[in-house]
Amino acid sequence: MKPITILAIDTSADETSAAITHGSTVLANVVASQVELHKPYGGVFPTVAKQAHKENIDRVIALAVKRAFSAGESNPWTHIDAIAVTQGPGLAPALEVGITRAKQLATEHHKPLYAVNHIEAHALSSVVQAKSKRAADNAPLLEDLPATFPTLALVVSGGHTEFILVRNIGEYQRLGHTIDDAAGECLDKVGRMIDLGYPAGPAIEQFAKLGDENTFNFPLPMTSSGDYNLSYSGLKTFARNLIADLKESKSLNKQTTYDLAASLQYGVFRHITHKLEKILKDFPDIPEVWLGGGVAANAELRKTLRSTLAKESGRRKKLGMQSDANSLKPLMLKTPYSKKLCGDNAAMIGVTAFLRSQYGNQKPIANFEKLDRKPRWGVGIYRSTS
Ligand code: KG4
Ligand code: ZN
């Protein structure tokens, strides 16, 4: 397997990002956030996002190239083997900026172009490796990766909350997904009701540390649905009514707000672990959970997931369920190595293109002039996403 060097671009929502990756290793990962621009709207405003991507993209690409290659390098393009870009899902006007620039660069520098699914990239982001861990020149690839299949990816972001069975790189089966709001979206929407700004997820995590999660009893949705799907609209409605009551009785003080944040966060994560427990029982061979997406940065989510996995490992051991000694290892939670890799970023796009080209037999796009956005592109809804 030959590690290739990729210039990757992601403009799916409100971050303009460019990265240089080598094999599964990150050489540079630049993310220009537009959060301040979208704050007044309480969410991402598509035309504002498009304009900001257009203004930022060249600067972001230039910075990624500068950070990845040594200062004396006269032509970094001799080291870049391919270009990768997010094709979807995401906001159509925002995606368009990255795709257009990627096509121009591929034409200008005669490089192959890979189109990447943004959710797949979040799902694989925990296998992305830091440059410091392995020297870029001899970055050994993920030799051990296939041994872990099938595994489970859990993507928890502002746009998606999905359980994806990873049978192999490029071979996915979506086991469950949210049928309305995503987990991050629920945190953001409720956060907005109590003026926590946008996005509210990180503030809710901080507030929750000061509150008591047992104060308000958020409902546990879809317990009898018999599937692995999730729904957050009920929690949002519960929060709206609760906040209205608290405001009316003039009891929405600082401590109540902390308690509300803690109870909400607990409710949002409990819904995920409840469905996860069911999946792990039904798929006893899953050895790991790969966590990705913006909400994966939350320390409490990681803690909750680890305790769910420990409980399931104990249950499996007790039942002697695994067929071979190797699989008696405790269930592991794999997380992205930095917070930057949890949120939207181009490094995960470059590494996904690389893994797909090496393990998933994906070829570059043949006639990329015609490559268009796929704003609603899902992963694993059918057996193959290509
Ligand atoms: O992956 P991402 O950057 O964008 C999407 O593809 O959606 O995820 C953004 C989401 C937002 O909803 C944000 O509130 C949430 O991730 N988020 C967090 C934390 N950091 C970001 N939620 C909870 N705790 C955090 N620390
Ligand atoms: Zn994302």
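**Exercise 1.** In this predicted model, determine whether Asp344 is buried or exposed.

*Solution.* The relative accessible area of Asp344 is 18%. The term buried applies under 20%. Asp344 is therefore buried. The same test can be applied to His118: its relative accessibility is 5%, so His118 also counts as buried.

**Exercise 2.** Identify the protein donors of the zinc ion (ligand 2), and classify the geometry of its site.

*Solution.* Step one: the protein donors are NE2 of His118, NE2 of His122 and OD of Asp344, at 2.0 to 2.2 Å from the ion. Step two: the donor residues follow the sequence spacing H-x3-H-x221-D. Here His118, in helix H4, and Asp344, in the loop between strand E11 (332–334) and helix H10 (347–359), link distant parts of the chain, 226 residues apart. Step three: the angles among the four donor atoms run from 89 to 138°. Four donors count as tetrahedral only if all angles lie between 85 and 135 degrees. The site of the zinc ion is irregular.

**Exercise 3.** Describe the polar contacts of ligand 1 with His122, Gly294 and Asn298, and then its surroundings.

*Solution.* Step one: an N or O atom in the side chain of His122 is 3.4 Å from an oxygen atom of ligand 1. A polar backbone atom of Gly294 is 3.0 Å from an oxygen atom of the ligand, and a nitrogen atom of ligand 1 lies 3.0 Å from a polar side-chain atom of Asn298. Step two: on its own, ligand 1 has 550 Å² of accessible area, of which the protein covers 86%. Step three: the shell comprises five nonpolar, 11 polar and three charged residues.

Conventions: Residues are numbered from 1 along each chain as its sequence is written. Chains are lettered from A and ligands numbered from 1 in the order in which they are written. This is a predicted model: local features need pLDDT of at least 70, side-chain atom pairs count only at pLDDT 80 or more; totals for chains, interfaces and linings use all residues. Side-chain values use heavy atoms; hydrogens and water are left out. A polar contact is a pair of N or O atoms within 3.5 Å; within protein, one must be able to donate a hydrogen and the other to accept it, and residues adjacent in sequence count only if both atoms are side-chain atoms. Accessible areas come from the Shrake-Rupley method with a 1.4 Å probe; for residues, only the protein chains shown count as cover. Ala, Val, Leu, Ile, Met, Phe, Trp, Tyr, Cys and Pro count as nonpolar, Asp, Glu, Lys and Arg as charged, and the others, Gly among them, as polar. Donors are N, O and S atoms within 2.8 Å of the metal (3.2 Å for Na, K and Ca); water is not among the atoms, so sites may look incomplete. Four donors count as tetrahedral if all angles lie between 85 and 135 degrees; four count as square planar and six as octahedral if opposite donors are over 155 degrees apart and all others between 65 and 115; anything else is irregular. Helices (H or I, at least four residues) and strands (E, at least two) are DSSP runs, numbered from the N terminus. Buried means under 20% relative accessible area, exposed over 50%, partly exposed in between (1.4 Å probe, protein chains only).
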